[in-house]
Amino acid sequence: MPVAIWWIRRDVRLTDNFALQAARKTGYPVVPVFIRDSRLMANSVNRRQRFLVNALKDLQAQLRQEGSDLLVRSGEPSDVLSTLVREMSAVGVYAEKDFSPFAKNRDEKVSREVPLTLTGGLTIHPPDAVLKPDGAPYTIFTPYSRKWLSLPAPFLPTSAPGDFLPSNQFPGLELLPAMDPVEGFAATREEAESRLALFLSLKIDEYANQRDRMDLNGTSGLSPYIRFGLLSPARLSLVIRQQAGYLMDGQRTWLNELIWRDFYQSILHHFPFVKYEAFQPKFRHIPWRNAPDDLRAWKDGLTGYPVVDAAMRQLKSTGWMHNRARMITASFLTKDLLINWQDGERWFMDQLVDGDTASNNGGWQWAAGTGTDAAPYFRIFNPVLQGKRFDPHGVYIRHWVPELRNLPDQYIHEPWAVPPLEQVSFGLVIGRDYPHPIVEHNLVRERTLAAYRASAG
Ligand SMILES: Cc1cc2nc3c(=O)[nH]c(=O)nc-3n(C[C@H](O)[C@H](O)[C@H](O)COP(=O)(O)OP(=O)(O)OC[C@H]3O[C@@H](n4cnc5c(N)ncnc54)[C@H](O)[C@@H]3O)c2cc1C
């Protein structure tokens, strides 16, 4: 009896799944397959691998409840899939389309070996559906989002009836490796659903006011669940539109963030070179500093700027960072330290549990001022003012930089301003317990502007 293969990559869910629906529509039993691609899994185990493997275990448990299983194989996808298609007489392989250069090359190679059908689902609207009237892609967010909002609401795949292949008909199963869960991010469907329910019932109304505050838990915390498809982005957008208060600020603002996500996927799809160089040619020759000690201090949260250090320690310790903090730390690396945004992009990808090529690259190029819809290069975040505005009482700083916890609010964003004689009374000596600022923000501005001007010519 032939089968249809559902090739799972970053769509780890049984509902609202276009690839699974397409496999089911064949009318043949569906075999859910995960391939441990050595190129993706061979490097040291990072948080995303741990999250993914644990999410797959949860999916496997759901499949077992339906009498089926998850077929795991290791190797190069085109080899693995050719063998499986032959062994199992599969009529085809069905997968969700992914827009990273790596994924496109991989899928191109697979499609030369087996009948591969790629479906939507990774974005709410596919990149090729949100185009200018002349068919060109948008490179500025505001007109992109206007066009995006003018499109009919996306539809979800209907649950096409169809069975999974019973587990007793599976060929040999490989086990998923044992990997520790990522602390704070249980990789289960249940956790994804309860976070969503909590956000929609308690937080979304205040989202527009609170989303920038690093001291408040005002955002959804759903990014890893969206990254690996435990939640369908199209479903999220429909849930928001259906909420009675769709026109309220919170709902609109949150939908706008999901549109940013689609936008960066579209940029990566249409301009794959952004993965390797600045979107704007005039900023491809910035004379970046080679400053390994400063880069290290930034990664370790030891720059002497409390809000930057709090954020970098949060990232290293948890694998997640607040969006405002991502903007502040990215600006600090590129504009204050004049270190290449690609060094920061790489470090974020090493650390983030939600690390996504498109959103990370888009965020970095935005902050560096080199990207599509960039903050103008001469706008440089002041880390002290950002801290005062978005962590007004230093709650976020005190949590992540405990050596500063006894400082009164007046000094929490500028510990270097505490007079030396007073430092002892706060249990802190600057230079011993906490670093002096590694650069002086007010002095580096000219250096940065000169470097950007030099590149722009
Ligand atoms: C330098 C930098 C790097 C970033 N790297 C990533 C990354 O690797 N992966 C990632 O998912 N997001 C990234 N972002 C975007 C954003 O910071 C995170 O999506 C957000 O902080 C996740 O928290 P949340 O789920 O609580 O977000 P919420 O505020 O609840 O937003 C809901 C969802 O919308 C999407 N979203 C929100 N803001 C953005 C944005 N600016 N761009 C794209 N999508 C967005 C995410 O999927 C997020 O889960 C980056 C931003 C910057 C400035």
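Q: Is Gln-21 buried or exposed, and how do I read that from a number?
A: The general idea is that a residue counts as buried when its relative accessible area is under 20%, and as exposed when this value is over 50%. In this predicted model, Gln-21 has 12% relative accessibility, and therefore counts as buried. Gln-21 lies in helix α1, and its C-alpha atom is separated by 15 Å from that of Arg-9, a residue 12 places away along the chain.

Q: Which other residues of α1 are buried, and what covers them?
A: A helix can be read residue by residue, with the same cut-off of under 20% for each one. Besides Gln-21, the buried residues of α1 are Phe-18, Ala-19, Leu-20, Ala-22, Ala-23 and Arg-24. Because 7 of the 8 residues of α1 are buried, the helix is largely enclosed by the rest of the structure. The cover over these buried residues includes β1, β2 (30-36), β4 and β5 (116-119).

Q: What should I look for at the two ends of α1?
A: At one end you can look for a side chain that caps the helix, and at the other for the backbone angle phi. At the N-terminal end of α1, Asn-17 acts as the cap, with a side-chain oxygen 3.0 Å from the backbone nitrogen of Ala-19. Just after α1 comes Gly-27, which takes a positive phi of about 85°.

Q: Which residues other than glycine have a positive phi?
A: Here the sign of phi is read together with the residue type and its place in the chain. Among such residues are Asp-16, with phi near 50°, and Ser-89, for which phi is also near 50°. Asp-16 is found in the loop between β1 (3-7) and α1 (18-25), while Ser-89 lies in the loop between α4 (77-88) and β4 (90-96). With a relative accessible area of 17%, Asp-16 is buried, whereas Ser-89, at 44% relative accessibility, counts as partly exposed.

Q: Where is Asp-163, and how do I describe its surroundings?
A: A description can combine the position in the chain, the accessibility and the residues that are touched. Asp-163 is placed in the loop between α6 (141-150) and α7 (189-210), and it counts as exposed because its relative accessibility is 57%. When residues up to four places away in sequence are not counted, Asp-163 touches Tyr-28, Pro-29 and Val-30. Sequence and space can also be set side by side, for Asp-163 and Ser-68 are 95 residues apart in sequence and 8.9 Å apart in space, C-alpha to C-alpha.

Q: What does such a description give for Tyr-411?
A: Tyr-411 is in helix α18, which spans residues 409-412, and with a relative accessible area of 13% it is buried. Leaving aside neighbours within four places in sequence, Tyr-411 is in contact with Ala-417, Val-418, Pro-419, Glu-422 and Phe-426. Gly-394 is 17 residues from Tyr-411 along the chain, and their C-alpha atoms are separated by 9.4 Å.

Q: How is the protein divided into domains?
A: Domains let you read a chain in sections, and then ask how the sections meet. The division gives domain 1 (3-122), domain 2 (189-270) and domain 3 (281-456). The C-alpha centres of domain 1 and domain 3 lie 39 Å apart, and 5 residues of domain 1 are in contact with 13 residues of domain 3.

Q: Where does the ligand lie, and which parts of the protein surround it?
A: To place a ligand, you can list the residues of its shell and then ask where they come from. The ligand lies between domain 2 and domain 3, because both give residues to the shell around it. The shell holds 27 residues, and the closest are Tyr-207, Thr-219, Ser-220, Gly-221 and Asn-323. At least two residues of the shell are supplied by each of α8 (223-227), α10 (249-270), α13 (323-336) and α15 (357-368), and the largest share, 6 residues, comes from α10. By type, the shell divides into 13 nonpolar, 9 polar and 5 charged residues.

Q: Which residues have polar atoms at short range from the ligand, and how much of the ligand is covered?
A: For such pairs you note which atom belongs to the ligand, and whether its partner is in a side chain or in the backbone. An oxygen atom of the ligand is 2.6 Å from an N or O atom in the side chain of Ser-220, and an oxygen atom of the ligand lies 2.7 Å from a polar backbone atom of Gly-221. A nitrogen atom of the ligand is 2.9 Å from a backbone N or O atom of Asp-354. On its own the ligand has 810 Å² of accessible area, of which the protein covers 95%.

Conventions:
Residues numbered from 1 in each chain as written. Predicted model: local features only at pLDDT ≥ 70, side-chain atom pairs only at ≥ 80, totals over all residues. Heavy atoms only, no water. Near = heavy atom within 4 Å. Polar contact = N/O pair within 3.5 Å; in protein donor to acceptor, adjacent residues only side chain to side chain. Areas by Shrake-Rupley, 256 points an atom, 1.4 Å probe, with all protein chains shown as cover. Helix = DSSP H or I, 4+ residues; strand = E, 2+ residues; numbered from the N terminus. Nonpolar A, V, L, I, M, F, W, Y, C, P; charged D, E, K, R; others polar. Domains from an automatic or database assignment. Buried < 20%, exposed > 50% of the residue type's maximum accessible area, 1.4 Å probe, protein only. Contact = heavy atoms within 4.5 Å.
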